[in-house]
Amino acid sequence: MLSDEEIFRETTTKSLLQLLKKEYDFYDYCYQEVLPKGQEIKMNDSSGFKIYLVESGYFAYCLQNDFGDSGIITFIGNEVAINLIPIIKEEPEDAFLRSLTEVHCWVLDPDFVERVLDNSGQKAKYLLSNLLYTRKIYFKASKRTFMKKELRIRACLKDIGLYMGRVTKEKEYILPDEINNSILAQYANTTREYTNIIVLKLRKEGILDDSHKPWIIKKIDLL
């Protein structure tokens, strides 16, 4: 039986695009687009939603509560072709994507993708990859709710560094310019005021340099 990691290696955005591009009518249903920072896309809009495969940049995958407040569940880059939402039809009602940065992506028609996956016998593999990925996302988010607030902020900052940080030879992690107190608070599900307090504490401990953009995690192992 394949491990999760082996399944993810076989279902990357690159492998999905290679499969789709074998079809003569690929460009009738798929095109490239640049989405500006801050654009929101409703996840379960069956009448207009497309499949987005990221080439560069990041989406924030968000949920909204009954009071209209939104939090970040995870960030989505180009490492795995997981955004097959129109095919699975199991997204929470208030889930949406927000482009954290400018996002360069392929926009795919879901009916076309489903037809190609059916005809190629690859549908089950990609759906399994999607379900495994989203299961990990929600399990990790659920686990964070049991952490104390400071530990949650520290864990989320470390996640951001490991996932989106550019590592220097000094093993410091340079974060995207878009990462700030507000984004960290949304990810950690804490108030911005409390997040400010912990960020100041991390700065005094020499773990984080937030004195200018981009933020730099200087001692990621201490998070």
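## Exercises: rings, strands and cores

At 5% relative accessibility, Trp-106 counts as buried (buried is under 20% relative accessible area, exposed over 50%, partly exposed in between, with a 1.4 Å probe and protein chains only). This is a predicted model, where local features need pLDDT of at least 70 and side-chain atom pairs pLDDT 80 or more, while totals for chains, interfaces and linings use all residues. Residues are numbered from 1 along each chain as its sequence is written, and side-chain values use heavy atoms, with hydrogens and water left out.

**Exercise 1.** Classify the ring pair of Tyr-27 and Trp-106.

*Solution.*
- Step 1: grab the rule. Rings of Phe, Tyr and Trp (its six-membered ring) pair if their centres lie within 6.5 Å; planes under 30 degrees apart are stacked, over 60 edge-to-face, and the rest tilted.
- Step 2: plug in the values. The centres of Tyr-27 and Trp-106 are 6.4 Å apart and the planes make 50 degrees, so by the rule the pair is tilted.
- Step 3: find the partners in the chain. Tyr-27 belongs to helix H3 (residues 26–29) and Trp-106 to strand S7, 79 residues apart. Helices (H or I, at least four residues) and strands (E, at least two) are DSSP runs, numbered from the N terminus.
- Step 4: check burial. Tyr-27, at 61% relative accessible area, is exposed, whereas Trp-106 is buried at 5%.

**Exercise 2.** Do the same for Tyr-52 and Phe-59.

*Solution.*
- Step 1: here the centres are 6.2 Å apart and the planes 75 degrees, which makes the pair edge-to-face.
- Step 2: Tyr-52 is buried at 12% relative accessible area, and Phe-59 is buried too, at 1%.

**Exercise 3.** Work out the strand order of the open sheet with 3 strands.

*Solution.*
- Step 1: the order reads S1-S7-S3, with antiparallel pairing; strands pair if DSSP finds at least two bridges between them.
- Step 2: S1 (30–35) and S3 (51–56) are the edge strands, as each pairs on one side only.
- Step 3: look at one pairing. S1 and S7 (residues 103–108) share 6 bridges, and Leu-35 stands opposite Val-103 in S7.

**Exercise 4.** Which element gives the most to the largest nonpolar core?

*Solution.*
- Step 1: a nonpolar core is a set of buried Ala, Val, Leu, Ile, Met, Phe, Trp, Tyr and Cys residues joined through side-chain atoms within 4.5 Å.
- Step 2: the largest one has 27 residues; Ile-179 and Trp-215 are among those touching the most other members.
- Step 3: elements giving two or more residues include strand S4 (59–64) and helix H7 (149–164). H7 gives the most, with 5 residues.
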